[in-house]
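Ready for a bit of practice with a protein model? Have a look at it first, then try each exercise before reading its solution.

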Amino acid sequence: FKVSFNKVPGPKGKAPDLAYVTGYRTTGYIKNRIRKGRGKMPPFSKAMISDSDIEEVLKYLKGIYEEN
């Protein structure tokens, strides 16, 4: 999938470390934040990132968490 993060508002390089997010947040919580946004995190519509792409990102992040 392809998402342009250059269009996301806010200072560049100022994001939480996502490698461990699946260790302390539920899948439902993460999906909700992606869709609805919060604070400086903008919402991402299905036109921007599909549900299946979100699932792939979550699988990837869970793999990183499990390796560490």
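Below are three exercises on this predicted model, each with a worked solution.

**Exercise 1: the two sides of a helix**

Take helix α3, work out how its span compares with the expected one, and find which residues are buried and which are exposed.

*Solution.*
Step 1. Start with the span. Helix α3 runs over residues 51–67, which makes 17 residues. From its first C-alpha to its last it reaches 25 Å, close to the 24 Å expected at 1.5 Å a residue.

Step 2. Now look for buried residues, meaning those under 20% relative accessible area. In α3, these include Ile54, Leu58, Leu61 and Ile64. They sit on the same side of α3, because they cover an arc of only 120° around the axis. As a rule, an α-helix has 3.6 residues a turn, so residues three or four places apart point the same way.

Step 3. Flip to the other side of α3, and you meet Lys59, Tyr60, Glu66 and Glu67, which are exposed.

Step 4. What lies over the buried residues of α3? The cover includes α1 (21–24) and α2 (27–36).

**Exercise 2: a network of charges**

Find out how Arg35, Lys46 and Asp51 are linked.

*Solution.*
Step 1. Go for arginine 35 and aspartate 51. Their side chains meet in a salt bridge, with 2.7 Å from N to O. This pair ties together distant parts of the chain: arginine 35 belongs to helix α2 and aspartate 51 to helix α3, 16 residues apart.

Step 2. Try lysine 46 next. It also forms a salt bridge with aspartate 51, and here the closest N and O atoms are 3.3 Å apart.

Step 3. Put the pieces together: Arg35, Lys46 and Asp51 make up a network of salt bridges.

Step 4. Check how open each member is. Arginine 35 is partly exposed at 21% relative accessible area, and aspartate 51 is partly exposed at 41%. Lysine 46 has 56%, so it counts as exposed.

**Exercise 3: a pair within one helix**

Which residue forms a salt bridge with glutamate 56, and how far apart are the closest N and O atoms?

*Solution.*
Step 1. The partner is lysine 59, and the closest N and O atoms are 3.2 Å apart.

Step 2. Place the two along the helix. Glutamate 56 and lysine 59 are 3 residues apart in helix α3, so about one helical turn separates them.

Step 3. Compare with the cut-offs. Glutamate 56 has a relative accessible area of 43%, which means partly exposed, while lysine 59 is exposed at 54%.

Step 4. To finish, widen the search to the whole structure: 4 salt bridges turn up.

Terms used: Residues numbered from 1 in each chain as written. Predicted model: local features only at pLDDT ≥ 70, side-chain atom pairs only at ≥ 80, totals over all residues. Heavy atoms only, no water. Helix = DSSP H or I, 4+ residues; strand = E, 2+ residues; numbered from the N terminus. Expected span 1.5 Å × (residues − 1). Buried < 20%, exposed > 50% of the residue type's maximum accessible area, 1.4 Å probe, protein only. Arc of directions from axis to C-beta. Contact = heavy atoms within 4.5 Å.
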